[in-house]
Structures are given as C-alpha cells and as structure tokens.
Amino acid sequence: MSFLRQIWSVTAMNLAGLPSRAGASLVTVIGVACVVAVMLSLLGVGAGVRHAAKGADRPDQAIVLTSGAIITMGSFSPGDVAQIAEAPGIKRDAAGKPMVQPQAAVIVELQSKTGGGTNNASFVGSGEIGHEMQGASFHLTKGRMYRPGLHELIVGDAAQRQYKNLDVGDTVVLRGTPWTVVGAFKDDGGLDENSLVSDADTVLAAFARPAYQSVTVELASPADFQQFKDALTSNPQLQVKVQRLADYAAEQLKPLTGLLSFIGYFVGGVMALGVIFGALNTMYSAVDGRRREIATLRALGFNGAAVAVSVMVESFALAIPGALIGAALAWLLFSGHDIAMAGLSFAMQVTPGLILLGLIWAAVIGLIGGLAPAIRAVTLPVADALRTT
Amino acid sequence: MKFLHLVWVGVWRKPGRALLTLASVINAFLLFGLLQGFVSGMNGAVADTHADVLVTASRVSQLEPLPISQLPTIRATPGVRAATPVIIFHGAFRTQAAVNVRGFAVDPVSFDATIPDETIPAADVAALEHTRNGVVLPARLAALFRLKVGDAMPLKSLLWVNRDGQAWPQQVVGVYQSNAHDTLFGAALLANFDYVDQGRTQSNGTASLYMVRVADPSAASQVASRIDAQFANSPNETKTESERQLAADSIKQIGDIGFVVSAITGAVFFALLFSVGAMMMQSVRERTPELAVLKTLGFTDSAVLTLIVAESLVMCLFAAAIGLGLAAMLFPLIRVGIGFNVHAAPVLLVGLLLAVGLALVSGLPPAIRGMRLSIVDALAGR
Amino acid sequence: MAEPLVNLRSVVKRYRRGREVVEVLHSIDLEVQAGEFLALMGPSGSGKTTLLNLIGGLDRPTAGEVVVAGERIDDLSGGELARWRARHVGFIFQFYNLMPTLSAEANVELPLLLTNLSGGQRKRNAAAALALVGLTDRARHRPGELSGGQQQRVAIARAIVADPTLLICDEPTGDLDRETTEDILRLLQLLNREQGKTLVMVTHDPKAASFASRVVHLDKGLLVDAPLEGAA
C-alpha cells in the first residue's frame, strides 16, 4: 500500500472517530476561535488607523514644517509661503498657480454627543488652492464649500457623528466667534473626516494667530521630492524640514499604531500559548485513547509516519475551523465598527491580510499542539500497547 | 483537611495532563493580572490626584497659551489659596534613541506653595531658583538615563524652540523619589518657568496653564466657576477643572480601555472554562471504577461531589496563585514603563475569586456525573 | 438461636434491561449467623453478585426486607446507606479495586478517613492491618508495583481496617493462580476463626467454597438448599 494511501486511510479513520471525542475536540476549536477573534479585533484597530491615515495615497505630496519643534503654534508667514512656492518641482494648476497651500490647524473644544463632556477636535484652515489638492475620494455630501473671509466651515463625517451642533445650517461657537456650518464632507473614512475645515486666513484672523503652521505642496511628480527638499533645506532664510506626506503621516501615527500592534501580538501570543497547552492535552488524550488502535495498525504493518501525519492532520482539522470561526466573529462584530481613540474616530478593519494572519496563527497552534502527540503515537511500543488496556 | 492528600493525588493523576492544564490556567491568570493591573493603575492614577488642586487652561484647547497677566486675578479670586503658572514643556532626550519625557516649566517660588506634593522635596524646587537652567528629575528617569545631580541634560522641547539654538541646555539640580503619588503632574521633569519663557521664540509672557490650590476642597467647583467667570467674554477664556477630572478625561481620551480589557479577559476565560472542564470530565470518566469503589467504602454522593470540585478548586487556585504571582512580579515594570502605580491587592483578590468561579463552573458538571454514578453499574463495567 | 446477623426475607430483585424487565432474584430467604463463613455458589447469571450487593448495602431490593445487625437497610436513603456501609461492611473484589495513585498504606487508610480517628491513629491502624496480611514491607508501594496476590492482601487489609461487622467477598480469588488462591483463602479463614469476622463470599470455585463453614447454592434466582457439592 502506498504511503499516501496509508496516510489517507489512517486519517479517515481518525476523523471518523472525532464525533465520539467531541467534548475534548471542541476545546481546541473554541480556544483557537477565541485567540483569533481577540487578536484580529485588536489588530483590526491598528489596520483601521493605517487605512484612515491614507498618507500613502498621495506620493506626489510633501509637507513643510518648522525644524526644531515638533508641535508648533505656527511659524510660516505669508512671505515664507511665497518663498516655498518658488522652489523647484512644484506642480502648477491649469491657471498656472503653484499648488502650495499653507495650513493653520487649531485645536477646538466641541460638545461630545455621548456623555455630555467636551472633546478636542482639530479645526483646519486650508489654503485657497486646497480643494484642488484634495484626493479624488474627497467630496461634499451636503451643502456647499465655505467662502474665504466669512465665518463659514465644512465638517467631516466622523466629526459630525461625534459632536453636537454640526449639522449643515447649524451655528457653532468657537472661541466666542460663531461659525456657520455650510457643508459636510466625506473622504473615504480618512482621519481628516474628524476635523472641521475652513479658509486658512480666516482661521488665523479669528484665532489671532500670526502665522501658518505647515505648508503642503503637490509636486510635478513623486521623483521631484529630493530636488524640492534640497532647495528648501539649503535656503538659509527658512528653518524647515520637508517630508513626504506619507512619511509624515506614518511618523505621526507610529506611536499609536506601534502600541496597537504590540498589544495585538502580545495578547494574541500569550493567549495562543494557553491554547497550545489545551490543544496538546486534546491531542495527547486522543492518542492515548487510541493506543490499542494505533498499535494494531502498526502491527498490521502501517508506517509509523503515516500514523504521525494522521495525528497532525487531526490537529489542523481542529485548529483551522477554529480560526475561521474566530475570524468570522471578529469580522461580523467589528469590521467597519467605529471606534473613538486618542481623539480620533475611525472604522476598524478586519482585512483579508489579517484573516490570513489568523489562519497562520491557528496553523502554528495546530502544528505545535499536534507535533509532540504525533511523536508519541509513533514511538508507542507496539507490544506493550497491545497487551495493556 | 484529611482528604487533601486524596484531592492532591487526584489532581496529579496524569502528570502530563495536569501540567498542561496548570500551564494554560497559569497563562490565563498571568494575562489577566497584567491587563487588570494596567487598568487598576490607570484608575489609581486618577484616584491619586489631589482633591484641592484645580487646573486652569484655555477654553479653546490645552495647548493654547494664556497671558501671565491673568495670574494676579486668579490669585485674588475668593477661595484660592495659591496659584502657580506652568508651561507644558514636554521634552525629548536623546541617548541611543530619542525618548519623549513629560515635563513642565514651573515657577519655583509659587509652585511649592501650590502643589501639596510631598514627594518633590522643597530643596529640589528651590534649587531651580538658583540654577535658572536647572532641571529636576523623577528618580526613574534619572536611572533610565543614568543621570545624577550636576550632570548636563541637553533637551529638545516638543513645543518650544530656544532662541540660542536647538537644545535647551539643562543641568540636573535634583532627583526626586516619586512612589506614592504618580499623579499626572508628578513623575515628570521640572524646569524653571522664567528661563523657558524668556528663552523661547514665541508665546513669551504666557503660561500653558495655571495650577490653583483651593482653601476648601469641598468648594472646589464653585471656585473653578468663579475663576472662569472673570475671564468670560475676554479673548482668553479659561476652563478650570479639578486635577482629578482632568486625569479622568485624559484617560477617557485614550479609548474605552476598561471594555477592551473585559472583552479580552472574557474570551480568555471562556476558552479556559472549556479547557479545564474537558480535562476534569476526562479525568472523572477515566476514574469511574475508582469513584465507585470510594462509594462502596462508604463515601456519600455529596462526598464524591465535594472531592471532585475540590480537585478543580485546588488546581485552579494553585495555578491562579502562580499566574497572579508572576503578574505581580511584573507590576513594577508597568510602573517603570507607563508610570502607573498598580494597586496589587484588589487585582489579586478579584483574580482569586475568578479562579474559584472557574473551578466551580468547570468542576461541577464532571462532579455531578461522579455523584450520580451507580456503584452497581460502574463495578460491573457498564 | 441468637438473632441472625444477616436476615433476608422474601427478597425480590428486578432489573429493567431495555424494555424487558428481568427478575434476577425470586423471593429469597436467607439467614447468616454472626461468626459464620458463608460461601454463595452458583453458575454465572444465577444472581450471586446481585444477592451479595443487597447484603452489602450497595443496592436495594425491589421487594422484601434486608436486616443486617438488627437494622433494616432496604429502606435507607443513599446517604444513610453509604454511612451504614462505612460502619458495618468491608468489601473484597475479584479485581482488587485499589486506587492506582495511592500507596498500599494510603489505600488501607481510605475507610478510616470516614471516621473521627486522628491522623496518627489512622496510620497506626492501617499499619496494623497491613501487618496482619503480612505486607508491612510493601506499605509504600503503589498497586502497580505489587503482584496480584499482594494487591488482594492490601484489599483485605482495607476491608478489615475499620473493624466492620461483615466482610463481603466477590470472587476474591477469581483472578489469582492456585497457590496464591490458597494463601488468600487461608487468610480469610483465619480472619473468620481467630478474629471472629462474619464472611459472605461469592465464588464458583468448589475449592474456595471448601474453606467456608457453610455453602449455599443459587440457581436461576432461587436458593437451592440441598448441598449439591461439586454440581458447579
């Protein structure tokens, strides 16, 4: 009989016996399902943040910041912005204007819809050319754009869901000044949906700020970045650092995503360890319960390796459905689920990549949980096992 | 107690299986201890704040500066005992890698009168007065950076650029032990207010916030509204909250950690319940003839039930004690890593109660099976 | 004649096997005097073990009365019966039924855990019982490390350690070789003659029955009083 046929027949025999060991076998299935569900849910938060940050969508955009301080109150004067606009590599729009937009972000306090407290949200003042630089995913869902010079603003979808008084037509008071909400926008679940947006100069004037905080530019092509960066950093009149928007977003979110990944893998790892102990128990008792049967097969001339493989297959057969159940649970409960964290709201993402990770995790649990029992099944002294009950 | 030997032998009937089960229970309680320790540390940080200290910040945002001219008005507010201006400094110190440290520039003279924090010695605060570019460090930071009094500590601020160049040349003038009260404003480095304010390129003559100490903690909220009322409708409106409220808010901002931890713990114990329950069930099934013999010898049904539940209890409590013990040994790491003091006793107590619950729920079904066992059938091998 | 130690009156036992109701014992009357060594013989399926279980308080009759040492045990509850067994009966089985995880002395000590004796007293009594069966030097061994005969001696020590009124033996030599069988039977006879223990033993071996002071035969659920020795 060929080796493969041996494996097949022994495995079929094992699996046919599974229902009679349902209780013990269920332990592995449930255990793996719990690990995978918890781990994917935790990692799904990080995946949600990364998806929402999106910086990677725009390789042709760069951001100019003051060097030195990391959080700034604002340090670009209109003159600075004009100088930046002269740097090489910047794309021009149809009208020939350089695509450079100064930004003035201020933190404002808004009434939270839940709990009645207040939370900090960011109020972004965007340059005149800002809307031309928005990605294709940005669109107004209601109302119209703000007009420069007037106290008008548009609100992101996530901000609207989190805070009171932000419906189109509402008036919201920010530092004693009433602003009219004239529009609402969506940007494919991006983090900017958490903010309010208006005209940069209007924001500066309203908040008595002397200078812009950062300048975002669109380059003619992503390859022009180095040229643009060198021109600015070598300019002695500017004390700036230049980053690709993607790198900047990644750097800003690194502490958060790093922490989330650490928690996800740490908890997933520790839980997996516990489940491995349980899986070992299940498989050891499965092998012990079949001592006679295994010994009889070996006595009949079945290959030891075929028996070992069949034990491993049974271990996987318990772990993989567990992983699928866990992934399905995480996906049903949490994919697309909105979370508020660190002042941001975004949707959790249980991505196909994460589900694959869950399957790999389960396969490792199945492998480790089945290996030692498989070895025991092979090294069982045949004569002893046949004699004892 | 005389049955303990019987119980213990039952637990170790199959040493391999017992070890694996113990390991999975230890593992679960270690995770429980760490997660719950973290949550308790967080809640503890809120509870450890001073009841009589208020924080006055800009109504617009905590990063918005307030003019220092507000200080005399605040001090003159009825019910205020003392007030001190603070600049949020939050620095970065580079050893092998840049490490961010929380830091505040404080006015040495009024700070000591305002913050009743006995953990920062008055002498250290006073040293800031004599050495304008001095810095006072909590002991764990000093240990982390291997700094001692007299060493130079060039710092970058996350917020402020120094006129002279990029670093804020600071000199260590004090190291304080911060054990009991790791409040949000403790366990941070302290610098000289005037030195930072005069040296920075912008926002000179402002404070990030004022710390206010009230005469009567029970009147704190009235004093807070009184302070805010004085600046209402001015360009610099204020928002005054108790230190405790602020701490609670900043933790709430991180997200609903309590829920996440409960969900994880729930999943872990759900899986564990089946794991321990299946192991106990199997053990009872294997011992059917032995249990029948015990009954023959005169052990009553309830004695057999008790015996099996006791096995489950001994195993779960034994493993939980080890797991929680390991977690407790790691609690100091939570303190060093995150700055929270873990209140170990309640965590351990809840853990042990959980172990009892786990033992009862997973031990009862097999125990009832053992109790219902008929001697005649079991002895006949049916 | 004195009050019999064991008195069965019109005892009937029926079992439900699936849909069928089987009457294993039909109206048994049996008396065992204190100090007797009674052998209960009969072919397999004759109801020997069922009768023994009724006498030992492991099971209750469907009808009839079972009185042991002046107490009616057929209407005791499960818990009462368990306590009654602990006080009055010692059991010896064909397959010894020792706890595999306990040492010989711990096995012998088991019934004493149900008494109020102190730990020290329990140890002394267990040691004395082991000495009586000649296994003092095996006290620390587990059952798996003992021969069949030695295991049965440990089981006998366990049966007598709490000084019960009655010893119940179910095929005590059924799993042993000839030589060991004789040793065990002589030990039981010794317990009967020198310690005055009352024994009821089920066996199908006439050789074993010959050690008893009286033999009764059971056939198809009925006692056959005629001494049909050699008929099994």
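Visitor: In chain A, what share of the contacts with a separation of 6 or more comes from residues 24 or more positions apart?
Guide: In this predicted model, 83% of those contacts in chain A join residues that lie 24 or more positions apart.

Visitor: And how much of chain A is buried?
Guide: Of its 389 residues, 47% count as buried. The radius of gyration of chain A is 30 Å, whereas a compact globule of 389 residues would have one near 21 Å, and the C-alpha atoms of the chain fill a box of roughly 95 × 50 × 35 Å along the principal axes.

Visitor: What about helices and strands in chain A, how many are there?
Guide: Chain A has 12 helices and 12 strands. Among the helices, H10 (residues 304–334) and H11 (residues 352–379) of chain A pack with their axes 7 Å apart, at an angle of about 150°.

Visitor: How do H10(A) and H11(A) run, then, roughly parallel or antiparallel?
Guide: Angles over 145 degrees count as roughly antiparallel, and H10(A) and H11(A) are therefore roughly antiparallel to each other. Their crossing is right-handed, and the contact between them has 21 nonpolar and eight polar residues, with no charged ones.

Visitor: Switching to the chains, which pair shares the most contacts?
Guide: Chains A and B do, out of two pairs of chains in contact. Chain A and chain C do not touch, their nearest C-alpha atoms being 12 Å apart.

Visitor: How many residues do chains C and B each put into their contact?
Guide: Chain C gives 20 residues and chain B gives 17 residues. On the chain C side, helix H2 (residues 78–88) supplies the largest share, six residues, and by class that side has 11 nonpolar, six polar and three charged residues.

Key. Residues numbered from 1 in each chain as written. Chains lettered and ligands numbered in written order. Predicted model: local features only at pLDDT ≥ 70, side-chain atom pairs only at ≥ 80, totals over all residues. Contact = placed C-beta atoms within 7 Å. Helix = DSSP H or I, 4+ residues; strand = E, 2+ residues; numbered from the N terminus. Nonpolar A, V, L, I, M, F, W, Y, C, P; charged D, E, K, R; others polar. Axes fitted to C-alpha atoms, helices over the stretch in contact; angles between N-to-C directions. Parallel < 35°, antiparallel > 145°, perpendicular 65-115°, else oblique. Left-handed = near helix turned anticlockwise from the far one by under 90°. Rg over C-alpha atoms; globule rule 2.2 N^0.38 Å. Buried ≥ 20, exposed ≤ 12 C-beta atoms within 10 Å, placed from the backbone.
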